[in-house]
Amino acid sequence: MTYASLSFVALYWCFFDDILIYNATWSEHLQHIRAVFSALHDNSLYLKCSKCLFGEQSVTYLGHVIDEKGVSMDQTKVVAVQAWPQPKTVKVLRGFLGLTGYYRKFIANYGVIATPLTALLKKEAFCWTAAATDAFVKLKEALTMGPVLQLPDFTTEFIVDCDASGSGFGAVLHQGQGPIAFFSKTVAPQHAKLAAYERELIGLVHVVRHWQPYLWMRSFTIRTDHCSLKFLLDQRLSTIPQHTWVSKLFGYTFKVEFKPGKQNAAADALSRRDENGLQSQALAISRPEFVLFEEFRREVATLSKIIAKRKDIDDDIVSASWSVVDGFVMHRGCMYVQSSSALWLQIL
């Protein structure tokens, strides 16, 4: 089906044998249905009428209910979670976490809430505790109260509200109206003793890369209650870990706004937006800048192999794994550095 439908990618979404056709107007919808039917006919592919729905205002697709209001969870799955008995084996626990994890974008701070349960998945660590019971009940309640997620509008700027603590990192993606998705991740043991702004940076990198389909090649705003994060992006980076993490934001265009205290709590960022009439104060702009990369950018103009490789990319005579991003030659997402570069050791 994938190869038969390449020319109609903009008309519908196809997942294996499930086809979802969506349009803003009825006339466009009829035209696109005809186009899809033609593609199926030309490739000798068939549909089973009893499994087809046409002209629906609301559809259930891949465990989600999609309508004009947004995206919500399939209530049959929610009922299944509510009826789930307390796990007595690792296998049953994995099943529960697998089902709830599928809907984690609906649950603020899912990773933090589920930590006592995921800890039980470690080898020979299954020992049910009061904390596990509490997490088990909270996940059930969170699914029951899961919000309707808004559909993204790619003509409007995205906003990422984020917050880090000693135990985890939470974020919500929205466009000023309602949540589009939630994200949360527990702090890795090796990062637990880092300074707060570095933990916030690591969490921010995770969330930006997780939401890459929404944020890549678009300007977006990050709102945080860690003013020091702004200075981390602006200052000369002095340690290898800082270079490593900040370099993962390379290619994204964003500005950072400082929003103090409760106004930026990731779990309820939208409900507390501009509480008490206080407005965000913009403190930082754009993407991270690196002195080292700027020096390499100037040196690139003198490196023959990189110049030749860039010409090959422009002439489209190399594989798709090669590309040019922000003036740098990239191979499979990594920057290509000529071995004769004077900055070779510094970049490594």
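**Notebook: the sheet of strands 3, 4 and 5**

I looked up the sheet first and found that strands 3-4-5 form, in that order, an open sheet of 3 strands with antiparallel pairing, where strands are DSSP runs of E of at least two residues, numbered from the N terminus, and two strands pair if DSSP finds at least two bridges between them. At its edges lie strand 3 (59-61) and strand 5 (70-73), each of which pairs on one side only. Neighbouring strands are turned by 30 degrees against each other on average, direction ignored, the axes being lines fitted to C-alpha atoms.

I note that this is a predicted model, in which local features need pLDDT of at least 70, side-chain atom pairs count only at pLDDT 80 or more, and totals for chains, interfaces and linings use all residues. Residues are numbered from 1 along each chain as its sequence is written, and side-chain values use heavy atoms, with hydrogens and water left out.

I then went through the pairing residue by residue. Strand 3 is joined to strand 4 (residues 64-67) by 3 bridges; threonine 60 stands opposite valine 65, and tyrosine 61 stands opposite histidine 64. In the hairpin of these strands, with 2 residues between them, leucine 62 takes a positive phi near 55 degrees.

On the other pairing, 4 bridges join strand 4 to strand 5, and the bridge partner of valine 65 in strand 5 is serine 72. The hairpin that joins strand 4 to strand 5 also runs through 2 residues.

Last, I checked where tryptophan 13 sits, and its place is in strand 1 (residues 12-15).

Notes. Axes are lines fitted to C-alpha atoms, for helices over the stretch in contact, and angles run from 0 to 180 degrees between N-to-C directions.
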